[in-house]
Amino acid sequence: MTIPIQITFRNMDRSSALEARAKALASRLEHFYPRILNCHVVIEAPHRHHHKGKIYAVHIALQVPRRELVISRHHQDNHAQEDPYVALRDAFNAMTRRLQDHARRLRGDIKHHEPSLQGRVRDLGLDNGFGIIETADGREIPFTRNSLVGTDFCHLHKGDRVRFAESDSGS
């Protein structure tokens with residue numbers, strides 16, 4: 001692994017086998033995003049005063065350029081997490097998904113643009129900066145100069161076709 005990894009054990013003794021597994025899982029993250037700067041893994045056993053089985057918590061902080069990705073897995077009701085290897089695997093699976101999402105965003109693969117709505121200007125108040133647009137389905141939507149997409153409000157006339165962004169504010 002080319003990235004520095006730090007593994008911390010809390011409320012439990014250090015385990016070389018668990019540490020080796022954490023390093024192996026961390027090295028697989030480089031396949032999904034090769035520019036990882038460092039990785040800090042905390043494996044935590046619950047305090048000794050718990051009466052039920054020990055449910056392990058795993059926290060992973062991954063430093064990438066301009067961002068820190070953090071996963072914290074502690075499931076009180078998930079008894080599979082009583083095995084520290086399962087808790088470690090689940091946390092790294094979650095970090096893999098988070099890292100893949102981050103890489104997609106950087107590549108621009110995740111872009112969700114709402115299509116702009118279209119209609120005709122029914123009423124127009126040039127003096128006060130608003131009007132009413134009638135859509136193809138018969139809705140009448142009030143709009144302001146800021147609602148228009150790609151059109152200058154000052155050059156509008158009744159009957160012009162316009163594209164607009166509908167406001168959630170209800171105004």
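Select Asp 83 and Tyr 85 at the start of helix H2 (a DSSP run of H or I with at least four residues, numbered from the N terminus), where a side-chain oxygen of Asp 83 reaches to within 3.0 Å of the backbone nitrogen of Tyr 85. The model is predicted, with local features needing pLDDT of at least 70 and side-chain atom pairs counting only at pLDDT 80 or more, while totals for chains, interfaces and linings use all residues. Residues are numbered from 1 along each chain as its sequence is written, and side-chain values use heavy atoms, leaving out hydrogens and water.

Move along H2 to Gly 108, which follows the helix and has a positive phi, near 85°.

Next, add helix H1, residues 16-29, whose axis comes within 10 Å of that of H2 and crosses it at roughly 15° (axes are lines fitted to C-alpha atoms over the stretch in contact, with angles from 0 to 180 degrees between N-to-C directions). The two helices are therefore roughly parallel to each other, a term for angles under 35 degrees.

Finally, select the residues that meet (heavy atoms within 4.5 Å), including Leu 18 and Leu 25 in H1 and Leu 88 and Phe 92 in H2.

Note on methods. Polar contact = N/O pair within 3.5 Å; in protein donor to acceptor, adjacent residues only side chain to side chain. Parallel < 35°, antiparallel > 145°, perpendicular 65-115°, else oblique.
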